[in-house]
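Biologist: Could you walk me through the charge pairs in this one? I'd like to hear the reasoning behind each label.

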Amino acid sequence: MVEVNNRLSEFTKMHDEFISDWEEAMISGDVSSLDRMTEDYYVTFYKGANDKPIMFDKQEAVAGMKQSVMDLLGAQKKFENRVIRLRDNENAVVFYELLIVKNEELLARLFTIENWKLINEKWMIARETEELIS
């Protein structure tokens, strides 16, 4: 149990740094510290309740991330109601509500699930699911 608690603490610290990297990217436009994706990473995006999901591979996701950061420079990404759970010592899942706010205006609200893997002692995102709430 001690090892699991240590791993959870280590993961939480890393994810806190990941959030700080997002804060910096939204100010500077530099997304290089955010590329923590496995080679087979993909994201599934649900735009509406009745729409089929859109899937993006790593290359498409990184290009989209760069473009959205440039389009939203100066905005804030707020990671609300975050919950972290370890599946085991090498796999973690993070759930949160992502708010994108600019000039005190809510631009988007998404429910996000990140699946992380520990690879060569480094936490990497293996896949993500995002659903637009509003």
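Modeller: This is a predicted model, and the salt bridge count comes to 7.

Biologist: What makes Arg-7 and Glu-10 a salt bridge?

Modeller: The N to O distance between their side chains is 3.2 Å, and the cut-off is within 4 Å, so the pair qualifies. Arg-7 and Glu-10 sit 3 residues apart in helix 1 (residues 2–28), which means they are separated by about one helical turn.

Biologist: Why is Arg-7 called buried?

Modeller: Its relative accessible area is 14%, and buried means under 20%, so the label fits. Glu-10 comes out at 36%; that falls between the 20% and 50% limits, so it's partly exposed.

Biologist: How do you know that Lys-13 and Glu-17 meet in a salt bridge?

Modeller: Their N to O distance is 3.4 Å, again within 4 Å. Both lie in helix 1, 4 residues apart. Lys-13 is exposed, because its 55% is over the 50% limit, while Glu-17 at 39% is partly exposed.

Biologist: And Glu-39 with Lys-58, what makes that pair a salt bridge?

Modeller: The closest N and O atoms are 3.3 Å apart, so the pair passes the 4 Å rule. Glu-39 is in strand 1 (residues 37–46) and Lys-58 in helix 2 (residues 58–71), so the bridge ties together parts 19 residues apart in sequence.

Biologist: Which residues join Glus and Lys there into one network?

Modeller: Asp-35, Glu-39 and Lys-58 are joined, through salt bridges that share partners.

Conventions:
Residues numbered from 1 in each chain as written. Predicted model: local features only at pLDDT ≥ 70, side-chain atom pairs only at ≥ 80, totals over all residues. Heavy atoms only, no water. Helix = DSSP H or I, 4+ residues; strand = E, 2+ residues; numbered from the N terminus. Buried < 20%, exposed > 50% of the residue type's maximum accessible area, 1.4 Å probe, protein only.
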